[in-house]
Amino acid sequence: MRHTYPFSAIVGQEEMKQALLIAAVDGRIGGVMVFGDRGTGKSTAVRALASLLPPIKVVPGCRFSCDPESGEGCPFDCPVAKGRPDLRAVPFVDLPLGATEDRVVGALDLERALATGEKRFEPGLLARAHRGFLYIDEVNLLEDHLVDLLLDVAASGENVVEREGLSLRHPARFILIGSGNPEEGELRPQLLDRFGLSVEVRTPEKLADRVEVVKRRDRFDRDPAAFTADYAAADEAVLKRIDKARKRAGDIAVPDAVLELASRLCQAVGADGLRGELTLMRASRALAALNGKKTVTTAHLAEVAPMALRHRLRRNPLDETGSTPRIARAIAELFPA
Amino acid sequence: MSDAALAARLLALDPVGLGGAVVRARPGPARDAWLQMLRDAMPDDTPFKRLPSGIADERLLGGLDLGATLAMGAPVASAGLLAEADNGVVIAPMAERLPAETAARIALAQDRGEIAAPFGGARSTRFLLILLDESVEYEQVPPVLAERLAIHIDLESGQPDHPELPPIAAPDYVEALCAVADALGVASIRGPLLAAKLAQASARLAGRQAVAEPDVALAVRLVLAPRATRLPPAEAEAQPEPPPQETPPAEADSGESKTEPTLDELTELAIAAARAMLPPGILELQAGRARGREAAGKGAGMLRNSPRSGRRAGVRQGPLRNGARLDLVETLKAAAPWQMLRRREAPERTGILVRRDDFRIKRLVKRAQSTTIFVVDASGSAALARLNEAKGAVELLLAESYVRRDEVALIAFRGETADLLLPPTRSLARAKRALADLPGGGGTPMAAAIEAASLLATGVAAKGRTVTTVLLTDGRANIARAPDLIPSDDADCAARAFRLLGLKAIFIDTSPRPRPEGARLAAAMGARLVALPRADAATLAATVKAT
């Protein structure tokens with residue numbers, strides 16, 4: 001049995017953890033972009049979250065996590081069994097750098113075609129990530145044609161394949177998690193805007209924290225089972241929190257005053273498009289749900305504003321001021337103390 | 001025992017924890033001797049696999065063995081090199097030539113310890129990775145891999161002698177290693193983590209129960225010092241604010257130990273060990289290389305004329321090599337007319353009978369990506385204005401080009417030397433930082449500048465990118481590469497050498513009234529001459545784009 005580093009054992013990185021939890025509560029928020037250097041624990045956190053989420057119900061026997069309740073049926077001819085749905089871990093797919101379009105979108109099943117002459121579709125990574133996470137490390141190095149393709153699928157929730165004499169479509173709804181280092185190449189604004197939230201991670205600055213990170217990781221590597229067991233209760237608590245928040249999120253009220261404030265904030269910082277406001281609203285609602293509140297307050301709004309907006313600000317290439325301080329300034333001006 | 005020999009034995013002791021090593025060494029007896037040491041240290045039946053830098057994905061990760069599949073009429077899987085190397089060693093000679101995507105796949109396989117097998121399931125891939133770094137100048141081993149490998153050693157530099165430290169149990173070596181990492185400017189948390197693993201392995205190798213001072217010092221030498229980006233603070237301020245620390249219990253079990261060192265003492269000792277490793281000059285070089293590395297290695301994934309990606313431009317008949325993509329429909333079409341005939345020959349076979357000759361491969365074309373190298377004259381009185389305009393042009397080009405994924409680099413020359421201030425990068429953030437304060441004034445080392453540009457341009461072109469060199473100067477060389485040469489002749493000589501490379505160049509003459517020297521030099525370089533006495537950032541950027 002392979003062990004994943006427990007989510008609750010991650011030292012610090014509060015904003016990233018918060019953003020991942022919010023994205024897990026409401027899939028419509030649209031993924032998280034994590035900016036940061038190598039070795040700051042980006043991948044660890046994302047993988048930890050995926051392995052912590054409650055298992056999903058899938059059509060029994062289906063290879064591709066089709067939802068039994070969607071009524072869509074499996075678009076691939078899996079040997080589907082009748083009966084009770086399978087419970088399966090949330091899919092987590094790594095999109096490797098340099099992946100070919102075939103692997104991402106899916107292609108003709110070469111094996112079948114050669115062995116039996118049958119024309120059959122071999123689903124790609126997009127199909128595998130359905131209802132789970134699609135993680136792209138170093139997303140800023142992804143080739144442009146793949147970026148375009150991903151944007152399209154992420155927006156529509158559907159993968160349309162028209163190639164090699166195949167013509168089909170299948171649902172592909174996933175939470176897109178990207179990570180990258182802005183020092184190694186810029187991201188296109190169109191791609192950035194598709195991510196609901198963005199966070200910036202750094203190596204912990206305090207020596208004590210760094211020591212703790214190293215010690216925990218070392219303990220985990222020596223004895224993963226015991227280490228995971230130590231944090232099982234804490235992880236379970238996080239899982240419950242997500243689960244409750246998911247159930248509650250729909251019932252949470254967003255007062256008009258808060259909505260208005262959200263609009264004014266977007267205007268003040270010059271965030272393009274309506275997507276910012278929508279994300280701001282959904283994220284603060286998810287946060288209120290995570291905190292067990294019934295109503296969204298301005299405090300929730302202020303807490304999620306940096307992660308919901310910082311990647312949407314129109315930027316002047318020659319302007320040095322970072323996005324985060326600009327948002328902080330706007331919050332300080334607009335929000336009643 | 002030398003550090004290199006120790007490194008080999010430590011790797012054998014904890015292959016999974018340490019990940020492997022970056023070994024800077026060109027082919028030769030020193031390298032062979034070290035690899036033999038590693039072989040001797042590993043168990044007898046350990047698989048050793050060599051990883052060619054141009055390895056195709058199917059060979060690396062495994063896949064359908066098409067030849068065998070066709071012969072058998074049933075799918076035959078082939079194991080990838082990484083799976084074959086499970087519990088063994090993968091050796092990558094010329095690691096600096098590994099494409100970024102191959103590096104990314106190896107990193108993922110090592111992180112997870114397994115890869116998906118061709119027909120479902122997973123295959124274990126726990127291997128020790130040895131990157132043989134043969135890079136020169138602006139090349140670099142893929143940082144994504146280097147970062148994950150604990151030990152970085154250089155077999156080419158003379159190994160300094162290290163005094164044997166008496167084994168005294170180290171109170172809290174993890175804290176000491178974190179403090180040293182901090183002092184050396186090692187940002188990634190993997191640094192201290194791998195150092196801690198190395199210290200543990202070293203203690204085990206020496207038969208000690210607990211990690212002791214020599215282990216910590218070794219970890220600093222093999223893991224942290226090679227990753228340093230700054231010199232540790234000078235002796236006086238060496239103490240990086242020690243967290244309050246209770247005095248350790250007085251006696252350890254070992255008879256010879258008098259008192260245990262405090263955390264501060266240990267940290268100081270370790271920093272001293274690091275400093276001994278790092279003569280100031282070396283560090284500068286390393287920091288420069290580290291920066292250069294980031295930039296150059298990264299884009300590398302996209303530059304190849306890869307047969308695997310790009311826009312489709314038809315099909316051709318050919319063998320399935322180097323990850324070429326089979327065009328299935330065309331292949332089947334090619335096979336169709338022969339089916340009756342082939343079936344008669346092999347009546348027992350079912351399905352479509354496809355032979356090697358039927359293979360049709362997709363032809364893919366990709367727009368070559370470009371790198372613009374600015375070589376800016378920072379000498380004399382006009383320097384400041386010129387530099388500022390060049391900086392402006394670099395930023396403008398970058399701001400526009402990040403969609404097209406083009407790169408920009410900047411070399412400035414003044415006084416005696418030409419310096420690479422901005423290694424090829426697409427990143428505006430980096431460019432701004434590198435350009436923030438450029439000094440100006442001094443002589444005009446034209447020959448050195450052209451030589452630096454040739455080197456960089458050759459390196460970039462070797463990666464398959466289109467290079468344009470833009471030289472901004474008033475064309476008056478007054479410093480030669482050696483004191484006994486005449487500066488203008490030396491510059492001509494460098495310019496002719498540049499021309500031999502056959503690379504595109506633009507010579508922008510910024511002198512108020514263009515003079516024949518400029519024109520002559522431009523001709524010698526084979527560069528297009530543009531006179532822009534009052535070059536401003538926007539005009540410059542426009543000129544480069546138009547050319």
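Which residues are linked with A:Glu15 in a network of salt bridges? In this predicted model, whose local features need pLDDT of at least 70, whose side-chain atom pairs count only at pLDDT 80 or more, and whose totals for chains, interfaces and linings use all residues, side-chain values rest on heavy atoms, with hydrogens and water left out. Residues are numbered from 1 along each chain as its sequence is written, while chains are lettered from A and ligands numbered from 1 in the order in which they are written. To return to the question, A:Glu15 is linked in that network with A:Glu200, A:Arg202 and A:Arg310, where a salt bridge is a side-chain nitrogen of Lys or Arg within 4 Å of a carboxyl oxygen of Asp or Glu.

Let me first set out the two chains. Chain A holds 14 helices and eleven strands, and chain B has 21 helices and 17 strands; helices (H or I, at least four residues) and strands (E, at least two) are DSSP runs, numbered from the N terminus. Of the 337 residues of chain A, 54% count as buried, and in chain B buried residues make up 53% of 547. Here buried means under 20% relative accessible area, exposed over 50%, and partly exposed in between, with a 1.4 Å probe and protein chains only. If we take contacts (heavy atoms within 4.5 Å) with a separation of 6 or more, residues 24 or more positions apart account for 76% of them in chain A and for 75% in chain B.

Now to the salt bridges, of which a search of the whole structure finds 30 over all chains. A:Arg47 forms one with A:Asp94, the closest N and O atoms being 3.0 Å apart. This pair links distant parts of the chain, with A:Arg47 in helix H2 (residues 42-52) of chain A and A:Asp94 in strand S4 (residues 92-94) of chain A, 47 residues apart. Both A:Arg47 and A:Asp94 are buried, A:Asp94 with a relative accessible area of 12%.

A:Asp94 also has a partner in chain B, since B:Arg112 forms a salt bridge with A:Asp94 in which the closest N and O atoms are 3.6 Å apart. B:Arg112 lies in helix H7 (residues 100-112) of chain B and A:Asp94 in strand S4 of chain A, so this pair joins two chains. B:Arg112, at 30% relative accessibility, counts as partly exposed.

Within chain B, I would point to B:Arg221, which forms a salt bridge with B:Asp3, the closest N and O atoms being 2.6 Å apart. Because B:Arg221 lies in helix H11 (residues 213-224) of chain B and B:Asp3 in helix H1 (residues 3-13) of chain B, the pair ties together parts that are 218 residues apart in sequence. Both B:Arg221 and B:Asp3 are buried.

Next comes helix packing. In chain B, helix H20 (residues 516-525) has B:Gly518, B:Leu521, B:Ala522, B:Ala524 and B:Met525 buried. These residues cover an arc of only 160° around the axis, which puts them on the same side of H20(B); the arc is that of the directions from the helix axis to the C-beta atoms. The elements against which the buried residues of H20(B) pack include helix H18 (446-462), helix H19 (487-501) and strand S15 (466-473) of chain B. Just after H20(B), B:Gly526 takes a positive phi of about 75°.

Another residue of chain B, B:Thr372, has its place in strand S12 (residues 370-377) and counts as buried at 9% relative accessibility. Not counting residues up to four places away in sequence, B:Thr372 touches B:Glu407, B:Val408, B:Ala409, B:Thr468, B:Val470 and B:Val544.

I will end with two backbone details outside glycine. A:Arg131 has a phi near 70°, a positive value in a residue other than glycine, and lies in the loop between helix H5 (125-128) and strand S7 (133-136) of chain A. A:Arg131 is partly exposed, with a relative accessible area of 23%. B:Met94 has a positive phi of about 50° although it is not a glycine, and is found in the loop between strand S5 (88-92) and H7 of chain B. At 39% relative accessibility, B:Met94 counts as partly exposed.
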